[in-house]
Each structure stands twice: as structure tokens, then as C-alpha cells.
Amino acid sequence: DVPKATEPRGDSDGSRRGSLCDRHCAAINNVQGDLGDMGCHLHRPRVPPGRSAMGWAGRGAPLGGPYTPCHPPVSPAATSPPSCCQQHSDEVCESCVVKTTLTAENAVEANKLSNNYKFGFKKWKSHVTARPWEDRSEIVKELYSDLNVIRGSGGSTVTCGNVLYLLLFGWWLSLLYVLVAAMMFITVVGAPYGWLCWDLAGYFLWPFGKVIQKVEVPKSRQVLGACDTGVGESSALLGGPVPRRWRPRCWVDARYWQCASTVVWLCLGYPALVLAHGLVCVTAWLLVVLIPVAKLSARTVARVLLLPPERVVVRRLRMTEVPLEGEVILCCYRAVNPYYYKYAVDGINVFAVNLLPLVLVTLVLGYVDSHNRLTSSPVKFTLALLSIMPLSYYIGMAIASISAQSNFAVGAVVNATFGSITELTFYITALIKGSREGNRCYAEIVKSALTGTLVGCVLFVPGLCMVIGGIRHQEQRFNSRSAGVSSALLFLSVGGVFAPTLFSKVYGKLVCGECHNVTQNPLGHYLCHNCHFDLMENNGTLYYSHVQPLVYTVSLLLPAAYLIGLFFTLKTHSHIYDIHISDCHMPGHHHSAVVHWSRWRALVILLLSTLCMSACADLATEHISPILTNSTISQYFIGVTVLAMVPELPEIVNGIQFALQNNLSLSIEIGNCIAVQVCMLQIPILVLFTIFYPTNFTLVFSDLHVYASMFSVVLMNYIFMDGKCDYFQGTVLVMVYFILLAVYFFAPSPSGC
């Protein structure tokens, strides 16, 4: 991630523009001296200290602007400051004023960065192509390196993480090796492997600062035969003392696998150790920070335990000792590395990889154990809900990959089609189940989830990003112009969505289920319960003649307004984003794009993830009934928290990562775009669905939903007016969100539940 840049938007003083040009030309020449492959034609703005390009991108050059590859080096005479300013003074100054340049490794990444700033496109932080190895930091390089690198010197190996390894795995793994060694000694013929296990018992008790090497056995020590249990010689001419494991030995080439000791080892000792290391490997991998231990176990099973025992040497390293003889198989210094949260497998984050088996377990338990003999309904509901998180990640990754490798039209269609597929799948399955059972509670849960998504994306997502980003950056700025477009659409969408509700409040008849006279006076005050506005009076004349046509009208106008917003931000006024993409690198570091997922692979993963998402949503709605009926928590609270925010967790993680890089513009746009899509796309689609498949869903919300949504949008617009924020303003948004959650928690259950 490269530094960002900006300059004041306008400047009427000619002398100030001239000095700006001079500074800019000098900066170009300084950059040319370092890179050697940038000419005066590549206008890069001056970089303010403490900024990053991604964080300042909201105030840079045109959205989806030209992708500028690096050009050949230019001679020094052609790039001197006077000639640069004389030839390009006006153009350079204009570039300084309005453009920000972001650096991408290749055209595919440049397209992805450009899509991040397009309204209506999914914002994706992770790379869709393999990053050049030399561009990675030393911390990341260490994550992907094999455990076979010996350091010249290092600190103490007694750390909290290493002690944790000893308590979790080391002691019992060492004990198991001692038992296997004893068993090999009992067989007599397996004694060489007994000595090997004895040495490995000490190694795995505390492997840190030790090394396992593969050495070449001298030809004078190899016996040309199947096996030989004789005692080897020891002399200075033959290389010194003979290790005890070499005394009973086998030929180390092809006949090694025919030795009796090898057969005994593969039948008795090796399987038990494979199971133990497999358990360690799986456990350590799931804990993520212990992935070095998983690599240690996997490499032991695949390499060390399959080598002839006379070719394996375990030794302790001194601070200044570096073994030069033999191949280093294992050398580990730390059991815990907290940076493994960045680890990716084929472009997929390690957490998404670890949660993928959960999807398979959920589907098997859900459809095989239909009578709840193995697990209960709450457990299945929880598993189905957790399975939505990795599936949401795979869907987002697939959409970003397809969009980055396709033209604008294909990317727009894919984002519009699958951008809200996670939420719509759950909502539609819930409405279908409620219609079949005649239970209105499912429709109320869907309304609560819609409101929870809107409130959470307006308050919680940007607020949390401000707080976390504000810890690293004292003050963060964002593009208030682009945020203003999203805010205007939010006002429009909230007003349109709740227009039928306000209409029903004005013209509907208030009906109460039970009323009591508080003062015992016929003219006194009455206390009424379960009051609501009846829209079905006189055979539903008010609803069918007035409210329903209004709902259909709003459902047509909101998508139309969304399309107008797309046309405004992507076509006629794309300059409000001011983003320019470049792929400049150090000389000799140019790389072609190596995508993690091709378009066809991404399409297959997208379709499979959508199918699994539908199945998990079906299981979640199937097993939510006991929770709704037996839980003491309000159904409002369940809808606005669990059902609304769990599918948005990948988006929240993306927003936090952008905020940490001082790119708050994208963090805010993530929440705003989701909120706008809820009102302008998801709700009209649900209304359209009810036309073809009648359900209990009506676009009439409770008062609590109306007040919470409107107050959230107003507060968000007030916070975002000045285009800058800090952690205090983010804390305000988060606290207001938790206050609203408390209101929902103590609110009575909706009518019909």
C-alpha cells in the first residue's frame, strides 16, 4: 500500500501556482532518481507526511481513471526541473490540484482498486492476484517460509508462546515418542527407529533452537545387502565415532523399503505418530496463531519419519553456529506468530479456510439428522448462521475477482445480481416458511433484520472503523462529496421505505386488544395494550385501495433512484472520486498478473457458494422456531443483531482494514452502500417476490423501526458533514448503536410472535 497525496483544490494566486509547479517538478525529479522509470509525463502529486494513498484516495483523480503503466527511463536532460515546468506547467498544476495516484501491481489489481471507488460495487480489501514476493514485508515473508531457515543469532527461546506449546502439545507428544521408541526396541529389528524416536522425543519436548538435518551416509558405512545388524567400525580414517543409530542399519537406497526394520516401523510406530501429529496439525491450524506448530507436525510426518534413521540428525544450535553440512529439514524458533491472521491459501484468508468445514458439518447434520437425534434445533441454527460467514466471504471474493477481470458492464451486472444474495436468500426462505405455517412472526423477523442491517451499517460499521482507525491515526479525512451522495440516497431511500408506514399511521384505524380504566371513572384514563393500526377494516379497503398501490409505487421509484445514482457517480460526475491508478514499480520488478481465481473458477465458486448459502438459510429458518417461541429475548433483538449483522461480518472486516490504512472513505462507503442497497434493492425485490408468492410481508414497519432508522441517518449525516473525524466521533456512533440495541432488547415481542 503506497503513500497518498493531495493538494488544495483551488488557488487563485498565480505565484502560489508557480511555486506549486516548482515543488512538483522537483518531486518528479527526486522520484526519477530513485525509480529511474518515471518521466515528466507521469504526474504524481506531492505526498503529505503521514498519509497513505488508499486513505487519501477519496480526494484524488477521476474514478476509474487511466491505468498508467510505467514507461522506459528518460534521460536526465529531458527531465530537468526548468524544462519540465516550461513544457507542462499548466498540466502539472492541474494534476496537482485534482488528482491522486494509487499504485497497483498489475492491470487486474488496478481494475479492482478502481471498482472499490465505484458506487454500487463491492469494496474488497484482499488482493485478487498474487503479489510480487519482493513487495511483501519481512513479516509476511516469514509467514510463508518453510521451517528450514537457520538464523545466525537470535534471542531467548523461552517465550510465552513456546511455553504454551509445551503445555498443549510438547509433553504428551514427547511421551508418545518415548513409548514408540520402547516398542521399537522390544522388536529388536526396529532398534534404529527406536534411537530415532528417542532423539525426536527430546526434540518435540522443546523444538525451539534445535535443528533436524538430513545427512548423507558415507559410502563406507553403507552395506550392500538387504539388512545388516553388525556393529560398525569407528576410526579417524572413517570419519570419527559412529552414531549409535548407524550400527543396525539398512541400505539407504531402493532396498531401504525392503528392510525388516522399515516394515516393522511402518506397521507399528509410524501410524501412531501420524495420528498424533495429525491431531496436533489440525488443532494448531484451527488456532491460527499456532500455524508454525502445524507446519512442524506436517513436515515431520511427510519428511522426517519417512527417512532412513541413519540419515536423520537432531542437534542443538548455539548462538553463533550455523550447520553447513546436510539439508536442514526443520528449524523452529517460535511456536506462536500473531501475524498469521494475514495468512492466505490461494488468496483465501485462513479464517475463511478454517470455517469451510463448518459448512459441510452444518449441511450434513441439518439434512441427515432431520429429527434432531444428534443435535438440537438451537445448535443447528447456530451452525447454519456461522456457516453464512465463510460463504459470504467466498461470494465477495468471487464477485471481486470477476469484476476485476471483466469490463464495466459485466462487473455491474455481477454486483447487482449477487451483491445482496446473502441477505435476500435468508429473507426469502424465512418468508416462505412463515407463509406455509401461517406464522406472521417470520415477516416481523425479516423486518427487524432489514432495520438492523440499515442501522448497523449506518452507525456501527463506520463508527467501529473510526474508533479502530482513530487509534492509529489521530485524525482521518474522507471525501465528503462522495459521502454526501450516499447520504442523499439514504435520506431518499429511508423516506421511500417508511412512506407506507407513515401513510398507515395517518389514515389507519387504531385498534387495541385490551383496555383498562385506571381511575375507576367512566370518563377517566384508559390503559390499552397491543394497539396497532388496522388496515383491513371494511374488507381491507384502506390497504388494497391505498396502501398497497403506494407500496408498489415506492418499490418502482426506489430502484429507479438507485440507477440514477449509479449514472451520476459513474458517468456524469465520476470526478468527485478523483482516482488515478498507476502500476509504477522499482526497475526490474514488473510482473504479469497471476490471478488467484480465474473468471470461470470464480463463477463456479460463486454459484456453489450461493447454493450452499440457500441451504444454510433454509436450515436457519427451519430451526429458528424454538428460539422464537422459547426464548425470553425479544424477537426484535434477535432480528436486528444476529440475523442482521452476522452476514455482514466480512464487510465489517474489510472496513476495519481500510480504516487501519487511513482510507476511511472506503470504510464509510461500505456501510452506506449496504444501507442504500437494503432500501433501494432488497426491499423492492421482497415486494416483487410477494406479488408472485403471497406472504405475510407488508411494507408497514413498527414505530420503533421507523424512529431508529431515521434517527440513525440524521446522526450519520451530522457526523459526516465536515469530511474529517476521529475516534471520539466513532465512539458516539457506536454508543448510539448500543443504546438502540438496548431498546430492542427490552422491547416487547411484536404482535403475531
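## Exercises on aromatic pairs and a three-stranded sheet

At 12% relative accessibility, tyrosine 343 counts as buried (buried means under 20% relative accessible area, exposed over 50%, partly exposed in between, with a 1.4 Å probe and protein chains only). This is a predicted model, in which local features need pLDDT of at least 70 and side-chain atom pairs count only at pLDDT 80 or more, while totals for chains, interfaces and linings use all residues. Residues are numbered from 1 along each chain as its sequence is written, and side-chain values use heavy atoms, leaving out hydrogens and water.

**Exercise 1.** Work out how the rings of tyrosine 144 and tyrosine 343 are arranged, and which parts the pair ties together.

*Solution.*
- Start with the count: the structure holds 22 aromatic pairs. Rings of Phe, Tyr and Trp (its six-membered ring) pair if their centres lie within 6.5 Å; planes under 30 degrees apart count as stacked, over 60 as edge-to-face and the rest as tilted.
- For tyrosine 144 and tyrosine 343, the ring centres are 4.8 Å apart and the planes meet at 25°, so the pair is stacked.
- Next, place the residues: tyrosine 144 lies in helix H4 (residues 138-144), and tyrosine 343 in the loop between strand S7 (327-332) and strand S8 (344-345), so the pair ties together parts that are 199 residues apart in sequence. Helices (H or I, at least four residues) and strands (E, at least two) are DSSP runs, numbered from the N terminus.
- Tyrosine 144 is partly exposed, with a relative accessible area of 25%.
- Finally, widen the view: one aromatic cluster is formed by Tyr144, Trp285, Tyr340 and Tyr343.

**Exercise 2.** Lay out the sheet that contains S3, and find the bridge partners of lysine 214.

*Solution.*
- The order is S6-S3-S7, an open sheet of 3 strands with antiparallel pairing. Two strands pair if DSSP finds at least two bridges between them.
- At the edges are strand S6 (312-316) and S7, each pairing on one side only.
- Now count the bridges: strand S3 (residues 210-214) is joined to S7 by 5 bridges, and S3 pairs with S6 over 5 bridges.
- Lysine 214 has glutamate 327 as its bridge partner in S7 and valine 312 as its partner in S6.
- As for burial, 5 of the 6 residues of S7 are buried, leaving this strand mostly covered.
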